[in-house]
Amino acid sequence: MNLKKHVSLNINVRGVEPSATLAINERCKLLESQGERVKNLGLGQSPFPVPTPVVNALRLYASEKDYLPVKGLAALQEAVAEFHRKKDGVSASPENVIVGPGSKELMFLLQIAYYGEIIVPTPAWVSYVPQAQILGKRVRLLHTTFDEKWHINSERLARFLESEHDVYRPRILILNYPGNPDGVTYTPSELEEIARVAREYEVILLSDEIYGQLHHRGEHVSVARFYPEGTIISSGLSKWCGAGGWRLGTFTFPPDLDWLLEAMATVASETYTSVSAPIQFAAVHAFRGGIAMERYLWHARRILSALGSEFQGIVSDAGIRVHPPEGGFYLFLDFSTFADDLAGRGIRDGATLCERLLADKGVATLPGSAFGRPDSELSARIAYVNFDGSAALAASETIPLHQKLPEDFIPTICDETIEAAREIASWLREG
């Protein structure tokens, strides 16, 4: 018997697809359960274990069961503020920190609380735009180019803001660096110029610095240094602390934006109430850092830098346009030089390109269209994290940090990742 379903969906939710990164991960799991061998370069999850001192802290505080303040545990607010004071050289205060169940949720709350449009340079992380669409917010995409290093520059930003003929329209510009999906970052001078334009037009900056501590040379600079009164710094435990599944993110506001912080806290009080108590207590130890945390970060940076550079070298030698990685664990591949050859194989867009890579070589990637790029663009993101992070850390710890990793380290420890790079290169040659 067929029963008719009566479906009533919010119009803003209709047509919104599941997060591309989560969807590709589920697809890889399904293929593997069917006996397929898949090299999953789709999901951007840190491969490294949560640092031992932080895990031990979670065990210690596992019995904590009370609801904590909506904005977060006071000791954690202080630790986060001190983290940004020490790491980023900004004047951060505990009362201006809010803790949420992942920076992703805090971004959603920010868009709920804020009245105004969202400006997103592309390629951009997969959830910025869908979140805005769900809420019916106006989004303006600023497409960048390979030659611009996937960066928005101050001149172009100024032209865009001026072209709207509404100088003080409420706007938030999202910056993400080191970037997902491109793995590159901004220089201090670029940030200073962007800050100058943002100040002139009274644009709020949401600076997504979740990968800041994975800058490969440990030289991350926050734009809040140059625009302290108008920058919200987004961070959390998922990337630099390897604790994505713990779901803890932080926003650090300037005093002038206290009205926005308070509005977000009100919405939080009516939704998730507060973040898990044991995780907040454990997070204090993560943000306070120390020698063990610093060694963990330097080993992670050294591994990611070496692996990213080797992967980039292989695909670049094959003719793919890609910038050397500077932070995080992503590369954004531009296949445009192969447009004619790929068209001859029936491949005229990024989605088809990624489908064929998966079908022909078992390499799972995500098309540029998932990151706000035009559907017709022959681009793809890879996340070079499909290796055993625990084994890699253990091996790296046997080699002094002042030394480079041996030439056989990456091919041995991260063999499946390097094999995926070679498969991409051979797939192009086979065409």
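What follows is a chat about a predicted model of a protein.

Biologist: Before we zoom in, how many helices and strands does the protein have?

Modeller: This is a predicted model, and in it the protein has 15 helices and twelve strands. The radius of gyration is 22 Å, close to the 22 Å that the globule rule gives for 431 residues, so the protein is as compact as a globular protein of that length.

Biologist: What box do the C-alpha atoms fill?

Modeller: Taken along the principal axes, the box is roughly 65 × 60 × 55 Å.

Biologist: And what share of the residues is buried?

Modeller: Buried residues make up 55% of the 431 residues. As for the outside, the protein exposes about 18,600 Å², and carbon and sulfur atoms supply 51% of that area.

Biologist: Which contacts count for what, in terms of separation along the sequence?

Modeller: If we take the contacts with a separation of 6 or more, 76% of them are between residues 24 or more positions apart.

Biologist: Switching to charges, how many positive and negative side chains are there?

Modeller: There are 42 positive and 53 negative side chains, and the centres of the two sets lie 3 Å apart.

Biologist: Now the sheet with strand 9, what is its strand order?

Modeller: That one is an open sheet of three strands in the order 9-12-11, with antiparallel pairing. Strand 9 (330–334) and strand 11 (366–367) stand at the edges with a single partner strand each, so one side of each is left without a neighbour in the sheet.

Biologist: What actually holds strands of a sheet together?

Modeller: In general, the strands of a sheet pair through backbone hydrogen bonds, and the pairing can be parallel or antiparallel. Here, strand 9 and strand 12, residues 379–383, run antiparallel and are joined by five bridges. As one example of a bridge, Leu331 has Ile382 in strand 12 as its partner.

Biologist: Staying with strand 12, is Ala380 buried or exposed?

Modeller: Ala380, which has its place in strand 12, counts as buried because its relative accessibility is 1%, which is under the 20% cut-off.

Biologist: What does Ala380 touch, apart from its neighbours within four places in sequence?

Modeller: Its contacts include Leu331, Phe332 and Leu333, and also Thr365, Leu366 and Pro367. Leu366 is 14 residues from Ala380 in sequence, yet their C-alpha atoms are 5.4 Å apart in space.

Biologist: New topic: where is Asn96?

Modeller: Asn96 lies in the loop between helix 3 (74–88) and strand 2 (97–100), and Asn96 is buried, with a relative accessible area of 7%. Leaving aside neighbours within four places in sequence, Asn96 is in contact with Phe251, Thr252, Phe253, Pro254, Pro255 and Leu261.

Biologist: Which strand does strand 2 run alongside, and how many bridges join them?

Modeller: Strand 2 runs antiparallel to strand 8, residues 249–252, and four bridges join the two. Within this pair, Gly100 stands opposite Gly249 in strand 8.

Biologist: Are the faces of strand 2 covered or open?

Modeller: Both faces are covered, with Val97 and Val99 buried on one side and Ile98 and Gly100 buried on the other.

Biologist: One last residue, where is Thr144 found?

Modeller: Thr144 is found in the loop between strand 4 (139–143) and helix 6 (154–163), and Thr144 is buried, with a relative accessible area of 1%. Beyond its neighbours within four places in sequence, Thr144 is in contact with several residues, among them Thr122, Pro123, Trp150 and Arg373.

Definitions and conventions. Residues are numbered from 1 along each chain as its sequence is written. This is a predicted model: local features need pLDDT of at least 70, side-chain atom pairs count only at pLDDT 80 or more; totals for chains, interfaces and linings use all residues. Side-chain values use heavy atoms; hydrogens and water are left out. The radius of gyration is taken over C-alpha atoms; the globule rule is 2.2 Å times the number of residues to the power 0.38. Buried means under 20% relative accessible area, exposed over 50%, partly exposed in between (1.4 Å probe, protein chains only). Contact means heavy atoms within 4.5 Å. Accessible areas come from the Shrake-Rupley method with a 1.4 Å probe; for residues, only the protein chains shown count as cover. Lys and Arg count as positive and Asp and Glu as negative; His and the chain ends are not counted. The place of a charge is taken as NZ of Lys, CZ of Arg, CG of Asp or CD of Glu. Two strands pair if DSSP finds at least two bridges between them.
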